[in-house]
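This report describes the fold of one protein chain for a reader who is new to structural biology. Please keep the sequence and the model in view while reading.

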Amino acid sequence: MEKKWTYCAVYSIIQIQFVRGVWEKGLNAGEDVYAVPGSDVNMTCQIQLKGLLVQTQWSKVSDQMDLIALHHPQYGIHYPHKHSCKSVVDFRQIPENITIWTLLLRNVSSSLSGKYECSFTLFPEGIWTKTYNLLIQAPGKCNW
C-alpha cells in the first residue's frame with residue numbers, strides 16, 4: 001500500500017507541473033513584433049524567480065522547434081552550429097531575482113519572419129513561455 005501511495009503522489013506532482021506549464025503557456029500567448037527589412041529587433045522575456053532556474057531557451061517555431069540558444073546557470077550559453085553568432089542573445093540577472101533573456105536579430109529580412117519562443121524551465125514551478133510573432137514589412141507596403 002505504501003509503494004502505491006508514493007507512486008500516486010509522485011505521479012500527481014508531475015501531472016500538476018505539466019498542466020501548470022500548459023496552462024501558463026496559454027496565458028503567455030504572445031505578441032506581434034513589426035519590423036522593416038534591414039532593421040534590428042529585440043525580443044525580451046523576464047521573470048521573477050521564486051524557485052530554481054533549470055534552463056532558459058530561445059527557439060524559432062515552425063513545423064518543429066529550431067533551437068537558437070540555450071542557457072544553463074552552471075554551464076552557460078550553448079548555440080547550435082547553425083546559430084553560431086553569439087551576439088544574438090543576452091542573459092542577465094538583476095536584483096530581486098529578476099532574470100532577463102533577450103534575443104537580438106540584426107539586419108532582419110523576410111526569411112526571419114515567424115514565431116519565436118522564449119522559455120524558462122523552473123523548479124518547482126514548471127515551464128513558463130512567451131511567443132513573439134515577428135512580421136517583416138515588405139518594401140513599399142503599409143499593412144500595419
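Two strands are said to pair if DSSP finds at least two bridges between them. Helices (H or I, at least four residues) and strands (E, at least two) are DSSP runs, numbered from the N terminus. In the hairpin of E6 and E7, 3 residues lie between the strands, and Glu 96 takes a positive phi near 70°.

The model is predicted, so local features need pLDDT of at least 70 and side-chain atom pairs count only at pLDDT 80 or more, while totals for chains, interfaces and linings use all residues. Residues are numbered from 1 along each chain as its sequence is written, and side-chain values use heavy atoms, with hydrogens and water left out.

## Overall composition

The chain has 1 helix and 9 strands. Read along the sequence, these elements follow the pattern α-β-β-β-β-β-β-β-β-β. Contact here means heavy atoms within 4.5 Å. Of the contacts in the chain with a separation of 6 or more, 59% are between residues 24 or more positions apart.

Accessible areas come from the Shrake-Rupley method with a 1.4 Å probe; for residues, only the protein chains shown count as cover. The accessible surface of the chain comes to about 9600 Å², and 58% of this surface belongs to carbon and sulfur atoms. A residue is called buried under 20% relative accessible area, exposed over 50%, and partly exposed in between (1.4 Å probe, protein chains only). Of the 144 residues of the chain, 35% count as buried.

## The sheet of six strands

An open sheet is formed by 6 strands in the order E1-E9-E8-E3-E4-E5, with mixed pairing. Strand E1 (31-35) and strand E5 (76-78) stand at the edges with a single partner strand each, so one side of each is left without a neighbour in the sheet. Neighbouring strands of this sheet are turned by 20° against each other on average, direction ignored. For such angles, axes are lines fitted to C-alpha atoms, for helices over the stretch in contact, and angles run from 0 to 180 degrees between N-to-C directions.

Within this sheet, strand E3 (residues 52-61) pairs with strand E8 (residues 114-123) in the antiparallel sense. E3 also pairs with strand E4 (residues 65-72), again in the antiparallel sense, and these two strands form a hairpin with 3 residues between them. E4 is joined to E5 by a hairpin through 3 residues.

## The sheet of three strands

A further open sheet has 3 strands in the order E2-E7-E6, with antiparallel pairing. Its edge strands are strand E2 (41-48) and strand E6 (89-94), each of which pairs on one side only. The twist averages 15° from one strand to the next. As for E7, 7 of its 8 residues are buried, so this strand is largely enclosed by the rest of the structure.

The table lists antiparallel strand pairs from both sheets, each with the number of bridges and one pair of opposite residues.

| Strand pair | Bridges | Opposite residues |
|---|---|---|
| E3 and E8 | 9 bridges | Gln 57 and Ser 119 |
| E3 and E4 | 6 bridges | Thr 56 and His 71 |
| E4 and E5 | 3 bridges | Leu 70 and His 78 |
| E2 and E7 | 8 bridges | Gln 46 and Ile 100 |
| E6 and E7 | 6 bridges | Asp 90 and Thr 102 |

E6 and E7 also place Phe 91 opposite Trp 101.

## The nonpolar core

In soluble globular proteins, nonpolar side chains tend to be buried together. A nonpolar core is a set of buried Ala, Val, Leu, Ile, Met, Phe, Trp, Tyr and Cys residues joined through side-chain atoms within 4.5 Å. Which residues have the most contacts inside the largest nonpolar core? They are Met 43, Trp 58, Leu 103 and Phe 120, in a core of 27 residues. E1, E2, E3, E4, E6, E7, E8 and strand E9 (126-136) each supply at least two residues of this core.

Leu 103 can serve as an example. Leaving aside its neighbours within four places in sequence, Leu 103 is in contact with Val 41, Asn 42, Met 43, Trp 58, Ile 68, Val 88, Val 89 and Tyr 116.

## Cysteines

A disulfide is a covalent bond between the sulfur atoms of two cysteines. In the model, a disulfide is counted as a pair of cysteine sulfur atoms within 2.5 Å, and a search of the whole structure finds 0 disulfides. Cys 45 counts as buried at 1% relative accessibility, and Cys 118 is buried with a relative accessible area of 0%.
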